[in-house]
Amino acid sequence: MRDAKCTPLLLLLMLSCHCAEAPADEGVKLGENATAGDLETAEFGVNGTNMTSLGYGIAANVVASLLYGSNLVPIKRIETGDGMFFQWVYCASIWTISMVADLILQSPKFYPFVMVGGAIWATGNLAAVPVVKAIGLGLGSVIWGSSSLLIGWASSRFGWFGSSDYVARPILNYCGAGLCLLSGLLFFFVKADVELHPNSESIPLLLDRRSNSCSYGPRSSEFWMDVIGLRSRRFIGCLLAVMSGLMYGSSFAPIFYIKSRSACSDSMFHGASDYDLDYIHAQCSGIFVASTVYFAIYCAAMNNRPRVYSRVILPGMLSGLMWALATYCWFLASNYLSAVITFPIVRAGYGLVSALWGTLVFKEIKGLVNGLIFTVAFCVVLAGSLLTVLSKF
């Protein structure tokens, strides 16, 4: 059943591989007299030697990192105003892609509880545009990636939302998490040179023309970031990035909880699928519903005169497409490897991609001292991610 679901999805993602059956019987082949701990260690060793699965997992991780790290690039030089309209277009695109993938996966059972995680993600994503405007794409992505990595690591390591993941070397695991925390503190000292208002479009579509002049109504220059100082903007941007990362990292908790309760006969989630991709459509449905509610509240607060920028539509749809495909690739990688391995790899990977975009293309990090601090901080988070991965073996 898992093979039948996975093959067409991999064609959608252009990954030339097929899903391998879970080696559920390999533990039996190792000997009937082995203890439970020996069986778990031996099974992991056998899986670790499966170079094909390892290659597929790494390939899916690489694709996910590239897409996650680039998904906000299409709107970097486009005026998005307060970001609310972009948020809705972005989330609508995500939901549309998930519907197509759900049909390819033969419409697995829909769990409404997973939508809670989607709502959490959408709440955190409300700050995406303000963060990019305040501290830039590269710095913002790395900061929310670091905080997301920490909450994801903690939930997997200690089993906050389900069963905890086995770690062979706990000391390396804790050292990796500590380095990720240290990198987050270092990033606060990086100063980004960010253009607050691109010149692509300065006048939103749905604002009334004033009757007494030829000018338009409230313009993008009235965005709340324009009335605060540079230091306050940097502080608020970093704080919003941390909060967004915490929500991003915890948004998949309902999936982990359902999977951990699937074997309990007295649980309402008994018999739930162990295949991560079966839950993404419900997650994306929660994202779309929450974003629609937020946009409706925003329209009401703006007296039905929202700031709608026409040039955001197609780039926003492209950004949503990239995020949705990245999420399917990431969950696919978790199918071959485990969450405790894929989570730090993807978070550090897309942070590197975003940092390269922000530094080399958009020139957000300028100056020798700034570049040095940014490089050291990123090396620290990369080392922390590697230690976290190595702690599994």
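## Loops, salt bridges and cavities in a predicted helical model

N304 is found in the loop that runs between α12 and α13. In this predicted model, N304 has a positive phi of about 60°, although it is not a glycine. With a relative accessibility of 64%, N304 counts as exposed. A second residue with a backbone angle of this kind is K363, whose phi is near 55°, again a positive value in a residue other than glycine. K363 belongs to the loop between α14 and α15, the latter covering residues 368-390. K363 counts as partly exposed, at 47% relative accessibility.

The loop that holds N304 also contributes to a salt bridge, and this offers a convenient way into the charged pairs of the model. Side chains of opposite charge can pair when their charged atoms come close. A search of the whole structure finds four such salt bridges, and three of them are described here, beginning with R307. The side chains of R307 and D82 meet at 3.8 Å, N to O. This pair links distant parts of the chain, 225 residues apart: R307 sits in the loop between α12 (280-301) and α13 (313-336), and D82 in the loop between α4 and α5. R307 has a relative accessible area of 12%, so it counts as buried, the cut-off being under 20%. D82 is buried as well, with a relative accessible area of 13%.

The loop between α4 and α5 that holds D82 also holds E79. The side chains of E79 and K133 form a salt bridge with an N to O distance of 3.2 Å. Because E79 lies in the loop between α4 (51-70) and α5 (84-104) while K133 is in helix α7, the pair ties together parts that are 54 residues apart in sequence. Both E79 and K133 are buried.

A further salt bridge joins the side chains of D276 and K259, at 2.3 Å from N to O. Here D276 is in the loop between α11 and α12 and K259 is in helix α11, so that the pair links parts of the chain 17 residues apart. D276 counts as buried at 9% relative accessibility, whereas K259 is partly exposed, with a relative accessible area of 21%.

Attention now turns to a single helix, α10. Helix α10 spans residues 230-250, a run of 21 residues. From its first C-alpha to its last, α10 reaches 30 Å, close to the 30 Å expected at 1.5 Å a residue. The buried residues of α10 are R233, R234, G237, C238, A241, S244, G245, Y248, G249 and S250. These buried residues pack against five helices, namely α6 (114-125), α7 (128-135), α8 (137-158), α11 (253-261) and α14 (339-361). One residue of α10 can be followed in closer detail: R234 lies in this helix and counts as buried at 17% relative accessibility. Leaving aside neighbours within four places in sequence, R234 is in contact with I135, F188, F189, V190 and K191.

Another buried residue of α10, Y248, leads to the internal spaces of the model. The count comes to four cavities of 30 Å³ or more. The largest cavity has a volume of about 200 Å³. It is lined by 18 residues, and those closest to its centre are Y68, N71, W144, Y248 and W323. The elements that give two or more residues to this lining are α4, α6, α8, α13 and α14. By class, the lining of the largest cavity divides into 12 nonpolar residues, five polar and one charged.

Pockets were examined alongside the cavities. The second largest pocket has a volume of about 160 Å³. Its lining is made up of L352, A355, L356, T359, L360, I365, G371, F374, T375, F378 and C379. Both α14 and α15 supply at least two residues each to the lining of this pocket. Eight of the lining residues of the second largest pocket are nonpolar and three are polar, with no charged residues. Helix α14 thus appears in several parts of this account: α14 is among the helices packed against by the buried residues of α10, among the elements that line the largest cavity, and one of the contributors to the second largest pocket.

Terms used: Residues are numbered from 1 along each chain as its sequence is written. This is a predicted model: local features need pLDDT of at least 70, side-chain atom pairs count only at pLDDT 80 or more; totals for chains, interfaces and linings use all residues. Side-chain values use heavy atoms; hydrogens and water are left out. Helices (H or I, at least four residues) and strands (E, at least two) are DSSP runs, numbered from the N terminus. The expected span of a helix is 1.5 Å times one less than its number of residues. Buried means under 20% relative accessible area, exposed over 50%, partly exposed in between (1.4 Å probe, protein chains only). Contact means heavy atoms within 4.5 Å. On a 1 Å grid over the protein atoms alone, a cavity is a set of points where a 1.4 Å probe fits but cannot get out, and a pocket is an open set with protein on both sides within 12 Å along at least five of seven lines; lining residues have an atom within 4 Å of a point. Grid points are joined across faces, edges and corners, and a volume is the space filled by probe spheres set on the points. Ala, Val, Leu, Ile, Met, Phe, Trp, Tyr, Cys and Pro count as nonpolar, Asp, Glu, Lys and Arg as charged, and the others, Gly among them, as polar.
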